[in-house]
Amino acid sequence: MPPALPRREALAGIGVGLGLGGRIALGLGAGLGVLRPGALMAAPAGRAPDADDLAAGRADFDARFATFRAEAGLPRLARDPALEAAAQGHAMTLAGQGLIDHVGHDGSSVGDRARDAGYAWCWVAENLTLNWRGADQVLAAWRGSPGHHANMVSPQAADYGIGFAYVMSGAWRDAPVWVWVAGRRCG
């Protein structure tokens, strides 16, 4: 089993951890804003999937997530380009750092990242996972976690974005990091 994932001190935010057979899923993100002391620091970047891999991964996730919502008697959420940009950007940063954390390298919260991507939110949530291969495994992990599940079935959610990237080095090399961000716009 790979070594424990490095942890960071969170400036703010909520996190629930669940470790399953060397795989990690962290949940419950509500962006209320945090101090961003390192806002000018460059974040290390993970390895992005190629365009076809990214498109296929997102399409697979979309179909499986729509089925999950329908089976729960919930409407389909709209994929939003701003939330997708926030999710992909955070996935790249986390993969570059070889860790998962709801607090960004610059102290940002999910709310900060969504707002910075152009999403004027009244509600926002984030699910993260590391080392689950494919949308079916990601969704199964999140369904099994009360915090993640609550985010995915929240009646507040209207839109979402999904992103993933690969860890570049260390014990988690080539492990995928998945980031899902859901929200509802104000107004």
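Ring pairs link F61, F65, F68, W142, Y160, F164, Y166, W178 and W180 into a cluster, and this briefing starts from that cluster before turning to the rest of the protein. The model is a predicted one, and its pLDDT, the predictor's confidence in each residue on a scale from 0 to 100, averages 77 over the protein, with 75% of the residues scoring at least 70. The protein is built from five helices and six strands, which follow one another from the N terminus in the order β-β-α-β-α-α-β-α-α-β-β.

**Aromatic rings**

- The structure holds ten aromatic pairs, and one of them is formed by F164 and Y166, whose rings lie edge-to-face with 6.1 Å from centre to centre and 90 degrees between the planes.
- F164 is buried, because its relative accessible area is 2% and the cut-off for counting as buried is under 20%.
- Y166, the partner of F164 in this pair, also counts as buried, since its relative accessibility is 12%.

**Overall fold and confidence**

- Of the 187 residues of the protein, 50% count as buried.
- Among the contacts in the protein with a separation of 6 or more, 76% are made by residues that stand 24 or more positions apart.
- Confidence is lowest in strand 1 (residues 16-20), where the mean is 30, and highest in strand 3 (residues 78-79), where it reaches 96.
- Over residues 1-41 the pLDDT is below 50, although this stretch has 107 contacts in the model beyond near neighbours in sequence.

**Two buried residues, Q88 and V177**

- Q88 lies in helix 2 (residues 81-97), and with a relative accessibility of 13% this residue counts as buried, because the value is under 20%.
- Not counting residues up to four places away in sequence, Q88 touches P49, L54, R58, I162, G163, F164 and A165, and F164 in this list is also a member of the ring cluster.
- V177 is found in strand 6 (residues 176-185), and this residue is buried as well, with a relative accessible area of 0%.
- Leaving aside neighbours within four places in sequence, V177 is in contact with A91, L94, A95, I100, T129, L130, G163, F164, A165 and V167.
- G163, F164 and A165 are contacted by V177, and these three residues are also touched by Q88.
- V177 and G163 are 14 residues apart in sequence, and their C-alpha atoms are 8.3 Å apart in space.

**A partly exposed loop residue, G134**

- G134 has its place in the loop between strand 4 (121-130) and helix 4 (135-143), and with a relative accessible area of 28% this residue is partly exposed.
- Although G134 and D60 are 74 residues apart along the chain, their C-alpha atoms are separated by 8.2 Å.

**The second largest pocket**

- The second largest pocket has a volume of about 150 Å³, and of the twelve residues that line this pocket, the closest to its centre are A86, G89, H90, S108 and R113.
- Helix 2 and helix 3 (110-116) are the elements that give two or more residues to the lining of this pocket, and helix 2 gives the most, with five residues.
- The residues of the lining divide into two nonpolar, six polar and four charged.

How values were computed
Residues numbered from 1 in each chain as written. Predicted model: local features only at pLDDT ≥ 70, side-chain atom pairs only at ≥ 80, totals over all residues. Heavy atoms only, no water. Helix = DSSP H or I, 4+ residues; strand = E, 2+ residues; numbered from the N terminus. Buried < 20%, exposed > 50% of the residue type's maximum accessible area, 1.4 Å probe, protein only. Contact = heavy atoms within 4.5 Å. 1 Å grid on protein atoms, 1.4 Å probe; cavity = no way out; pocket = protein on both sides within 12 Å on 5 of 7 lines; lining within 4 Å. Points joined across faces, edges and corners; volume = space filled by probe spheres on them. Nonpolar A, V, L, I, M, F, W, Y, C, P; charged D, E, K, R; others polar. Phe/Tyr/Trp six-rings, centres within 6.5 Å; stacked < 30°, edge-to-face > 60°.
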